[in-house]
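Let's take a friendly walk through this model together. Have your viewer ready, and we will go from one helix to the whole chain and back to a single residue.

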Amino acid sequence: MASARAAARNVLDRVRTAPAAFVRHYRARHPHPVGELVHPPHPFGRALGLVAVVLLGAWLGLLIVGSVHVPVGPMDTRMTLRPSLTGGTKINVSPLGALELDSHTAPLRLDVDLDSLDPDRARALVDHPERIAGLQDEVTRDVQAGTLDLALRSCVAVVLGAAALGLVVYRRPRRALTAGGTALALLVICGATAFATWNPKSVLEPRFSGLLSSAPSVVGNARSIVSEFDAYQKELARLVTNVTKLYDATSTLPTYAPDPSTVRVLHVSDIHLNPASWHIIASLVEQYEIDVIIDSGDTMDHGTAAENRFLDPIEDLGAPYVWVRGNHDSRTTQRYLERLKNVHVLDDGRTVNVGGLRLAGIGDPQFTPDRSVVARGDPAERTAGSFLAGSLRVQRALGAPVDIAVAHNPVAARQTDGQVPLVLAGHVHHPKTEQLPGGTRLRIEGSTGGSGLRAVEGEEPDPVSASVLYLDRTTKRLQAWDEIRLGGLGLTTAEVSRHVPQENEPGATPSAPDSSPAP
């Protein structure tokens, strides 16, 4: 013990008498007092913090630097990369609306803003029409150059943003460089993902949406619409006209524009006594040059004789009207329609040739407003659908196959699978398209009446839905269809989306876009 104490005193004496350099060296090697515990940060926490710094810095970099101004043909545009959970491309045409494309799946979205039309470049096209032939190649080159420039700028912006924020947070150049390199790696991964999922056919299925500048101001909310219904239906008809004209002008699909080789069918359903529907249908018939209107039922609400005068405008819609009975339409309603000119009622598998198409259909076997009769449900619908399928089978055996079958309830419509290329239905008030196992395509329409005047009972009105079907006049096969969705009672929003059959689906005959320039 005495020797240990002597050794300790010797060490203390040496420390007390040590030069200042030794003390500084010792303190540098042992910065913490004896007994103080030091907990290094957890590796997971460090990694999580680095990821947060990288993402925030990259996002700030894109916001500050990541956009380029690119002349595309006669237009001046601005391209920007934005963080996004779904990816895709959004083309903004302010103040008219936006065109959205499912071009890729990656956490980055490409925004293209059409800023203005350059008068000099536009005048050059007018003065020299021969340049229009090369406009497509010019636009392609402009877009490629702009995309490359945007990619380079985005890389620089992401790296600098992450590195700068890393330097501020960590105050160590090495950690800042690590943040910048990680950001660059993430951007490269996102770019590779976008390239791998790139869908060039997304331009064939655009979604157009927006609020028109000429939206009616006289129409209020859903509650006031009951007292202002005349003003509403006139303004909504004008809205439809403007939307369809605008969509026609901005469409990039001249292949499916109205032409003699295409039959255009307007599919409506579930009008439910909404008088505004006739104005909407008339506008669509005029703007899309419709050849045939097909109504898959529930035009009425209670099917009483007092409601029959509601059907009179059908004679003046400007196109043949093909109709099948819904579960809200009575036999009285059907007999009244059979007496109207330009109306073709389909029931019990009856066929009719209209607008170059051969159609067949069956009325709904149930009339649900009649509470004295117990509803038989889906079994009755399957029986009716089987009867229609048998009629289709007979027509095909006779050498006169049906092009489109019509039933109100989708349960009945599904029974025709394998007997007809296309079958139309309604009833559920929600648009949907199915490819049935036997090759038949089932198109279910929403409510063209916005669920009727009952739509004002809820907090939000139901949308008004209709579809324009494009069929080849020679093969009678579906080439494309447009889903038209309008804001419900009192609203003025509108959306038109284009859909084409997939190449691997039975009966699909998609054609390539026309190479001629669109006006």
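What do the buried residues of α9 pack against? Before the answer, one caution: this is a predicted model. The partners are two strands, β9 (321-323) and β10 (343-345).

To see how that packing is arranged, look at the helix itself. Helix α9 spans residues 331-338, and its buried residues are T333, Q334, Y336 and L337. Viewed down the axis of α9, these buried residues fall within an arc of 160°, so they line one face of the helix. The spacing has a simple background: an α-helix has 3.6 residues a turn, so residues three or four places apart point the same way. At the start of α9 there is also a polar detail to find: a side-chain oxygen of S330 comes to within 3.3 Å of the backbone nitrogen of T332.

Now zoom out to the whole chain. The protein chain holds 11 helices and 19 strands. Of its 519 residues, 45% count as buried. Its exposed surface is about 26,800 Å², with carbon and sulfur atoms supplying 59% of that. Among contacts between residues at least 6 apart in sequence, 63% join residues at least 24 apart.

G57 gives you a local view of such sequence-distant pairing. This glycine sits in helix α3 (residues 43-65). Is G57 buried or exposed? With a relative accessible area of 0%, G57 counts as buried, because the cut-off for that class is under 20%. Beyond its neighbours within four places in sequence, G57 is in contact with G161, A162 and L165. A164 lies 107 residues from G57 in sequence, yet their C-alpha atoms are 7.4 Å apart in space.

Conventions. Residues numbered from 1 in each chain as written. Predicted model: local features only at pLDDT ≥ 70, side-chain atom pairs only at ≥ 80, totals over all residues. Heavy atoms only, no water. Helix = DSSP H or I, 4+ residues; strand = E, 2+ residues; numbered from the N terminus. Buried < 20%, exposed > 50% of the residue type's maximum accessible area, 1.4 Å probe, protein only. Contact = heavy atoms within 4.5 Å. Arc of directions from axis to C-beta. Polar contact = N/O pair within 3.5 Å; in protein donor to acceptor, adjacent residues only side chain to side chain. Areas by Shrake-Rupley, 256 points an atom, 1.4 Å probe, with all protein chains shown as cover.
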